[in-house]
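Colleague: Could we go through this structure together? I should like to begin with the terms.

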Amino acid sequence: MNWQMRHGEITISVAYPKDWLMIVQAWCSLRKLVYNYLHNEDYETPLTRGLNYGLVILIVGNVIAVILESVDSIYLAYKVFFDGFEYFSIAVFSVEYLMRFWSIVEKNPEQSAWRSRWQWITSGAAIIDLLAILPAYLNFFVHIDLRFLRTLRLLRLLKLTRYFVSLQILLRVFAREKGSFQAVIFILIILIVMAAAGMYVVENKTQPEVFSSIPAALWWAVVTLTTVGYGDVTPVTPLGKSLGAIITILGVGFAALPAGILANGLANELEARKQELELKFLNVLQNHKIDLIEDHKLIEDIRKQVGLTPEQTREIVLQMIREQDGQERQSEKHQYCYCPHCGNKLPE
């Protein structure tokens, strides 16, 4: 440790031992490696694929175990195996959660470490990971009904959203269209309350035991507007039937709105993803200066790496070949000038 005087201020410089610097570098390298394996989607090796497949199999195995444990005869006969598998799963998911929490700093090294970790903790993926292990730890402190605990373990199924692109696309659609979904749900709630109130006014005197109050009429309004229609509660008066018919027709229209929003959002998201992948594939082909006619194997390897379908790849390659032919013809055209009398090509 060295003391230095600069402009009336004392500064302290610390000379770290060489071994200590090597330990810090090794620690940072290990954290970067863990980040690549758990967070970095662009980092793909046989080991990362094996790790992802192993976690997917473990998640599916947990779901199957929960289903089988609900059968008492099977659970009692193999209780030791079920309990051992549960403890093993808790250990693996806990280590995974801690490693993700530790290594997320590498995503943005310029940012504060704890800020990066807090942003990750509050993200949807981290909340799902926490819900997958939290019930097991809560049971150590608060005794929860075993059947309820088994059901909570099904939340581990949500962890599959990290490993399947289709589920990620669906979540992005929900996040992008949440405003539209909120508006539809709000309007639907208003219609349910108004329908229950109207049916209570019309049918209360005729069926006081069924439509005894507006809260009691809410059940009929919900099953009618959602087009489920169990038929356990029905209007009997002419005015009640007329009102019920109008509410049913409105329900058919409003029940289709969320499906339409979801379908439109999925179409837009898939088209955006298709364009993104095609642009990425096009950039890779141009950067590698690949022969589009001869290098079939290399093009196929790039296609698999990017994630395009063979049909999309074929369309892009044909489009690039047509563009190259057009550029060559344009280049040849500019190499000559034409005689105004006979039209023959003349060298420039």
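Modeller: Certainly. Contact here means heavy atoms within 4.5 Å. Please keep in mind that this is a predicted model.

Colleague: With that in hand, which residues is F93 in contact with, leaving aside its neighbours within four places in sequence?

Modeller: F93 is in contact with L58, I59, N62, I133, R156 and K159.

Colleague: And which residues touch the most other members of the largest nonpolar core?

Modeller: Those are I59, F93, W120 and Y163, in a core of 14 residues. At least two residues of this core come from each of α2 (46–69), α4 (79–103) and α6 (124–141). The most is given by α2, which contributes four residues.

Colleague: What lies apart from that core?

Modeller: Another core, of 12 residues, lies apart from it; L191, A195, A196 and L225 are among its members.

Colleague: Changing topic, what does UniProt annotate as "transmembrane region"?

Modeller: The unreviewed entry places that annotation on residues 50–68, 118–142, 154–175, 181–202, 214–231 and 243–267.

Colleague: How much helix is there over residues 181–202, and how much over 214–231?

Modeller: Residues 181–202 are 100% helix, with the end C-alpha atoms 31 Å apart. Residues 214–231 are 67% helix, and their end C-alpha atoms are 18 Å apart. Strand content is 0% over residues 181–202 and 0% over residues 214–231.

Colleague: How many helices and strands does the chain have?

Modeller: It has 13 helices and four strands. Of its 348 residues, 28% count as buried.

Colleague: What about the area the chain exposes?

Modeller: The chain exposes about 23500 Å², of which carbon and sulfur atoms supply 64%.

Note on methods: Residues are numbered from 1 along each chain as its sequence is written. This is a predicted model: local features need pLDDT of at least 70, side-chain atom pairs count only at pLDDT 80 or more; totals for chains, interfaces and linings use all residues. Side-chain values use heavy atoms; hydrogens and water are left out. UniProt positions are given in the numbering used here, feature names are shortened, and annotations may be inferred rather than shown by experiment. A nonpolar core is a set of buried Ala, Val, Leu, Ile, Met, Phe, Trp, Tyr and Cys residues joined through side-chain atoms within 4.5 Å. Buried means under 20% relative accessible area, exposed over 50%, partly exposed in between (1.4 Å probe, protein chains only). Accessible areas come from the Shrake-Rupley method with a 1.4 Å probe; for residues, only the protein chains shown count as cover.
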